[in-house]
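Subject: Structure handover and findings

Dear colleague,

Please find below the structure that I am handing over to you, with its sequence. My notes on what was found in it follow directly after.

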Amino acid sequence: QVRLVESVGGFVQPGGFLSASCTASTSIIFIVMCWYRHAPGKQRDVVAAIDANSQTKYADSDSVKGRFTITKDKANTLVMQMDRLKTEDTDVYYCNGKAGWDYWGQGTQVIVSS
């Protein structure tokens, strides 16, 4: 059974830094791994994606470009580094792996507040 286990979230002040990680329980090869964000009452939106060739793509919104960085190692550990965090980045972030099926992490809460 494939499980994606995310690191514990965090509380940071605006302008701060936080790194979220997600580790797969097996060596399954994901076609794409992504980070999504989900606010209450809203749909889950993709923030960043990385494919098996380590090609990355970020949400079209300018809000994350240049501030969020997605990486993945050979052990299927997905990381998203979030820099210069803003209050509007507050959300629950989910990692996702696509391999003929969507696999989801349990979600990690990120709170940005002064």
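A residue is called buried here when its relative accessible area is under 20%, and exposed when that area is over 50%, with partly exposed in between. The model is a predicted one, and every value below was computed from it.

**The disulfide**

With a relative accessible area of 0%, Cys 22 falls under that limit and is therefore buried. Cys 95 is buried as well, at 0% relative accessibility. These two residues are joined by a disulfide, with an S to S distance of 2.0 Å. The link of Cys 22 and Cys 95 is right-handed, with 50° about the S-S bond. Because Cys 22 belongs to strand S3 and Cys 95 to strand S9 (residues 91-98), the pair ties together parts that lie 73 residues apart in sequence. The count of disulfides comes to one.

What, then, is the nearest cysteine sulfur to Cys 34, which is in no disulfide? The sulfur in question is that of Cys 95, at 9.8 Å. Cys 34 has a relative accessibility of 3%, so this residue also counts as buried.

**The open sheet**

Four strands make up an open sheet with antiparallel pairing, in the order S1-S3-S8-S7. S1 and strand S7 (68-72) are the edge strands, each of them pairing on one side only. From one strand to the next, the twist averages 15°.

The pairings along this sheet are as follows:

- Strand S1 (residues 4-6) and S3 run antiparallel and are joined by three bridges. Glu 6 stands opposite Cys 22 of S3, and Cys 22 is the residue whose disulfide partner is Cys 95.
- S3 and strand S8 (residues 77-82) run antiparallel and are joined by six bridges. Leu 18 has Met 82 in S8 as its bridge partner.
- S7 and S8 pair over five bridges in the antiparallel sense. Thr 69 stands opposite Gln 81 in S8.

In a regular strand, side chains alternate between the two faces of the sheet. Strand S3 (residues 18-24) shows such an alternation. Leu 18, Ala 20, Cys 22 and Ala 24 point to one face and are buried, whereas Ser 19, Ser 21 and Thr 23 point to the other face and are not buried.

**The largest pocket**

The volume of the largest pocket is about 200 Å³. Its lining consists of 13 residues, and those nearest the centre of the pocket are Arg 37, Asp 45, Val 46, Val 47 and Asp 91. Strand S4 (32-38) and strand S5 (45-51) are the elements that give two or more residues to this lining. S5 provides the largest share, three residues. By character, the lining of the largest pocket divides into five nonpolar, four polar and four charged residues.

**The loop between S4 and S5**

Which residue should be noted in the loop between S4 and S5? Arg 44 lies there. Its relative accessible area is 29%, so Arg 44 counts as partly exposed. Arg 44 and Tyr 93 are 49 residues apart along the chain, and their C-alpha atoms are separated by 9.1 Å.

With kind regards

Terms used
Residues are numbered from 1 along each chain as its sequence is written. This is a predicted model: local features need pLDDT of at least 70, side-chain atom pairs count only at pLDDT 80 or more; totals for chains, interfaces and linings use all residues. Side-chain values use heavy atoms; hydrogens and water are left out. On a 1 Å grid over the protein atoms alone, a cavity is a set of points where a 1.4 Å probe fits but cannot get out, and a pocket is an open set with protein on both sides within 12 Å along at least five of seven lines; lining residues have an atom within 4 Å of a point. Grid points are joined across faces, edges and corners, and a volume is the space filled by probe spheres set on the points. Ala, Val, Leu, Ile, Met, Phe, Trp, Tyr, Cys and Pro count as nonpolar, Asp, Glu, Lys and Arg as charged, and the others, Gly among them, as polar. Buried means under 20% relative accessible area, exposed over 50%, partly exposed in between (1.4 Å probe, protein chains only). Two strands pair if DSSP finds at least two bridges between them. Axes are lines fitted to C-alpha atoms, for helices over the stretch in contact, and angles run from 0 to 180 degrees between N-to-C directions. A disulfide is a pair of cysteine sulfur atoms within 2.5 Å.
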